[in-house]
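Me: Please take a close look at a single part of this structure and follow it outward into its surroundings. I should like one connected account, with the numerical criteria given where the reasoning depends on them.

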Amino acid sequence: MTPPLLAKSCPDPASPPPPATLAGHTVQVLDCAERILQARARDSLEAAGLPPELGARLHRIVCLAAFLHDLGKANDQFQAMVRTNSRKRQLLRHEALLLWLAWPGKLLGSWLEGGAGGAGDLRLALAAACGHHRRFPDDAIRTEGTSGQLTILAGHPDFHEILTLGARRLGLGAPPSLTDQELKESWRNPLKRHLDDCALQLDEELRCDSEAAHLLALAKALLVAADVAGSVLPRAGGDVGWLDEALTWGGEGLLDGVVSSRLKGAPLRPFQNGVAQSTAPVTLVRASCGTGKTIAAYAWAARQHSGRQLWICYPTTGTATE
């Protein structure tokens, strides 16, 4: 029996729970992406200064990115890593492998273009998918300490199942029937050249199309949210309905309560009060660790956006690395 393709490690790789499989995780992230878009697409477009008429295009790009985001994990080196907890270096990060699989002109490119609305939006979806761990393209190709080749498991039944899922959910045509593909890096550097070409094409397009650049920024943010939510879903009992509740949680006075509990009866510091009173679209705060920058952010949100939700990120500490 062919072992299932995994998206992440689990205690029993031979009999993994559905959320650990590549197909199961893809379904959950796609479900979460659709819920997040339903709740947040219009507000996201408004925040980026884009017209609401772009909602359908944003929805298409994000859902395509959600469908594709982990497809590059269907390779022998990644599967060996999650099954054995091996630390052996992989030739290619799974995000980079996705570009080799799905970029216009590649193995899945022509099949995906129809559902993406053309090659341009397919490139945006792929760029969003490649950025969902924020580490691409750094260290995408790792020739030292690797065999210099890997096998794309495109002939695996789970790979075909995932393509069929995409065809059904995204309105794509019948998926192509593929076999395993051998991929080698040589002295001619075909992989690096392809990645460089992808980056160059995308940079040229975004320089000439600010609307596409803004859409890409939104698509990346929404995909990261969907991937995190999809990974949390098993701990929420597998019910995607918890996401609807999370996206509507909030209300008047909630953030004031957060600030009060953090302050423990003390007043806001002068710089915190200054942040809270800021009406600028962006407020940059430079202060030492432990001085209360997070409290200042909550106080700002309580005064400037009472009743609205707040997204908090800690990019410097790794507590929310995505």
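Reply: Two residues are taken to be in contact when heavy atoms of theirs lie within 4.5 Å. The model is a predicted one, and the part chosen here is helix α6, which covers residues 119–130.

The overall setting comes first. The protein comprises 13 helices and two strands, and 44% of its 322 residues count as buried. Among contacts between residues at least 6 apart in sequence, 74% join residues at least 24 apart.

Helix α6 has a regular length: at 1.5 Å a residue its 12 residues should span 16 Å, and the C-alpha atoms at its ends are indeed 16 Å apart. Because 10 of the 12 residues are buried, α6 is largely enclosed by the rest of the structure. The buried residues are Asp121, Leu122, Arg123, Leu124, Ala125, Leu126, Ala127, Ala128, Ala129 and Cys130. These buried residues pack against α2, α4, α5, α8 (190–208) and α9 (210–232).

On the α2 side, Ile61 is a convenient place to see this packing, since it is found in helix α2. Apart from residues up to four places away in sequence, Ile61 touches Asp121, Leu124, Ala125 and Ala219. Asp121, Leu124 and Ala125 are themselves among the buried residues of α6. A further link between the two helices is given by the C-alpha atoms of Ile61 and Leu122, which are 7.2 Å apart although the residues are separated by 61 places along the chain. With a relative accessible area of 2%, Ile61 falls under the 20% limit and is therefore buried.

Helix α4, another partner of α6, spans residues 94–102, and nine of its nine residues are buried. They include His94, Trp100 and Leu101. The ring of Trp100 has the charged end of Lys106 over it, 3.6 Å from the ring centre.

Two of the partners of α6, namely α2 and α5, are also joined through an aromatic pair. What number of aromatic pairs does the counting rule give? The count comes to one. The rings concerned belong to Phe67 and Trp111, whose centres are 6.4 Å apart and whose planes make an angle of 75°, an edge-to-face arrangement. The pair bridges distant parts of the chain: Phe67 lies in α2 (residues 55–68) and Trp111 in α5 (residues 109–116), 44 residues apart. Phe67 is buried, because its relative accessible area is 1%, and Trp111 is buried as well, at 11%.

Beyond the end of α2, Asp70 lies in the loop leading to α3 (76–84). A relative accessible area of 2% places Asp70 under the 20% limit, so this residue is buried. The side chain of Asp70 makes a polar contact with that of His69, at 3.3 Å. Leaving aside neighbours within four places in sequence, Asp70 is in contact with Ala7, Leu22, His25, His94 and His132. Of these, His94 is one of the buried residues of α4, so the loop that holds Asp70 is in contact with a helix against which α6 packs.

Finally, the cysteines. Cys130 belongs to the buried set of α6, and Cys63 is buried with a relative accessible area of 2%. Cys208, by contrast, is exposed, at 72%. The structure holds zero disulfides.

Key: Residues are numbered from 1 along each chain as its sequence is written. This is a predicted model: local features need pLDDT of at least 70, side-chain atom pairs count only at pLDDT 80 or more; totals for chains, interfaces and linings use all residues. Side-chain values use heavy atoms; hydrogens and water are left out. Buried means under 20% relative accessible area, exposed over 50%, partly exposed in between (1.4 Å probe, protein chains only). Helices (H or I, at least four residues) and strands (E, at least two) are DSSP runs, numbered from the N terminus. Rings of Phe, Tyr and Trp (its six-membered ring) pair if their centres lie within 6.5 Å; planes under 30 degrees apart count as stacked, over 60 as edge-to-face and the rest as tilted. A charge sits over a ring if NZ of Lys or CZ of Arg is within 6 Å of the ring centre and within 35 degrees of the ring normal. A polar contact is a pair of N or O atoms within 3.5 Å; within protein, one must be able to donate a hydrogen and the other to accept it, and residues adjacent in sequence count only if both atoms are side-chain atoms. A disulfide is a pair of cysteine sulfur atoms within 2.5 Å. The expected span of a helix is 1.5 Å times one less than its number of residues.
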